[in-house]
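Open the model in your viewer and keep the selection panel at hand. The tour goes stop by stop.

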Amino acid sequence: MDIKSVLSEYLRFPGISADPSAKQAIADTAKFLAGLLSRAGATPQIVETAGNPIVVGRFNAERSDLPHVIIYGHYDVQPVDPVELWETPPFEPTFRDGKIFARGSADNRGPHAVAIVAFANLLARRPDLPIRATFVIEGEEEIGSGSFPQFLRDNKAELSTGDFVMLSDTESPARDLIAITIGLRGVVGLEVEFEGPNCDLHSGIFGGAIYNPLQALAEICASLHKPDGTVNVPGFYDDMTPPAGWERNELARLPQTDESLKKFCGTDALHCLPGYSGTEATRFAPTLEFNGIGGGYQGAGSKTIVPAKAFAKITCRLVPAMSPDDIFQKVSAAILARVPAGIRAKITRMQECPPYYICPPNHADAATMPNRALAAAFSAAHEIIAAQFGNPPVYTRDGGSIGIVEEFRKVCGLNSLMLGFFLPESKIHSPNENIDVAFLEKGVKTYEAVFEKIADAGKA
């Protein structure tokens, strides 16, 4: 199989999970993917869910004596808006300057197609390969993977026989510096609503006698941080564990600096947790962020009112050992304790997923040795990436959240090997999303060699 020709077909399907009118496109994408897995040598199955189908591909499913790898990906993609900013149509794959431009090229069809193509090529060379593989490719990741936890519970007996999960839904900093992601921040969201009077009031007639919900909201939101940037919530940092020295050293290998971060973001100053650089803060530190705030009149001109309601949307990013439930309770309690008389508060729990962390089993600090297949996979990835890309991989935590990674561990007891096969310039979620073809071709060789090393290492 050739990754370029595969993506020329695969990227034509407008499988936008956020678009209710895209159901047929989603079904067509799943059908194509099942066919692709069949061509690669796996036995495909389209599993219907309460939402979009999950495509499963199995190889050597009956062989419990072989190392068992679960390969995860997602075939759904982000909306393409604003479409007028695309230089070429988002679902007509276009090759220029060594890159392929299309929605989903980097997130996530290109990277998981790398694994499928690598598996096909390896089986063509070694049809009796002593490995058991299960591909699990979902269609709801871009809208929160709502059906995935139930799929894991329904298929726990099969999937928990796996040795580990392998996926590529994370970023690498440069073409010659591949990231192995060992940690992900978790997240928990809150929507806070304040109510004051029973309707919007004339600010001349009633102003000065009524506590304005917008004022109360602004005061309380401002109180949730101290001037040095730390979160002003009792107990917020109780479970935070600082990164090990070797992790900070690994992060120093990244080309990003505080100056380049400021330039990229268009700001003249960073506002970080004391003791952390900007690059460190986005990976190692928890946060409390305001994602939206509103209330009262939003139209043109003036409308002199005391509004009846105001709201704020808040998310907290969590580092390993922190609990979404614990942080939700602490932040909620801090807000409710500061609500003034005359204001009624309502807090709604929104999205959440726990953080994830694994110390690389090939690292001296690893406390316990995981199963042989996972250890072999990390060691193989280190060796092969160094050979393919000219530098050893950098072991990093990512600032974002991928809920399914911890879900695999919680439900099935599986850790993950995460290889970054898109780049900062790939423009994921944006117009003109793209991926470097030569970069993906090296990724195919990397996956192929890792699969072969795992197979030859044998079952734990």
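## Start at a helix on the sheet

Select helix H10, residues 324-337. H10 lies across E9, E13 and E14. Against E14, H10 runs at about 160°. Bear in mind that this is a predicted model.

## The sheet

Now select the strands. They form an open sheet of 4 strands, in the order E11-E13-E9-E14, with antiparallel pairing. E11 and E14 (344-353) stand at the edges. Each has a single partner strand, so one side of each is left without a neighbour in the sheet. Look along the sheet: neighbouring strands are turned by 15° against each other on average, direction ignored.

Next, colour E9 (residues 186-195) and E13 (residues 309-318). The two pair in the antiparallel sense over 10 bridges. Two positions are good to label. Glycine 186 stands opposite leucine 318 in E13. Valine 192 stands opposite alanine 312 in E13.

Add H6 to the view. H6 packs on the sheet and touches E9, E11 and E13. The direction of H6 makes about 20° with that of E13.

Move on to E11, residues 289-295. E11 and E13 pair in the antiparallel sense over 6 bridges. Label phenylalanine 290, which stands opposite isoleucine 314 in E13.

## The cavity

How many cavities of 30 Å³ or more does a search of the whole structure find? The search finds 1. Its volume is about 40 Å³.

Select the lining: Val192, Phe194, Leu217, Ile220, Cys221, Leu224, Ala312, Ile314 and Ile335. E9, H6 (213-223) and E13 are the elements that give two or more residues to this lining. H6 gives the most, with 3 residues. By class, the lining has 9 nonpolar, no polar and no charged residues. Some labels from the sheet return here: Val192, Ala312 and Ile314 are among the lining residues.

## A helix pair

Leave the sheet and select H2 (residues 23-40) with H3 (residues 109-125). Two packed helices are described by the angle between their axes and the distance between the axes. Here the axes come within 8 Å and cross at roughly 25°. Angles under 35 degrees count as roughly parallel, and H2 and H3 are therefore roughly parallel to each other.

Show side chains at the contact. From H2, pick Thr29, Leu33, Leu36, Leu37 and Ala40. They meet Arg109, His112, Ile116, Phe119, Ala120 and Leu123 in H3. By class, this contact has 8 nonpolar, 2 polar and 1 charged residues.

Methods: Residues numbered from 1 in each chain as written. Predicted model: local features only at pLDDT ≥ 70, side-chain atom pairs only at ≥ 80, totals over all residues. Heavy atoms only, no water. Axes fitted to C-alpha atoms, helices over the stretch in contact; angles between N-to-C directions. Parallel < 35°, antiparallel > 145°, perpendicular 65-115°, else oblique. Contact = heavy atoms within 4.5 Å. Nonpolar A, V, L, I, M, F, W, Y, C, P; charged D, E, K, R; others polar. Pairing = 2+ DSSP bridges. 1 Å grid on protein atoms, 1.4 Å probe; cavity = no way out; pocket = protein on both sides within 12 Å on 5 of 7 lines; lining within 4 Å. Points joined across faces, edges and corners; volume = space filled by probe spheres on them.
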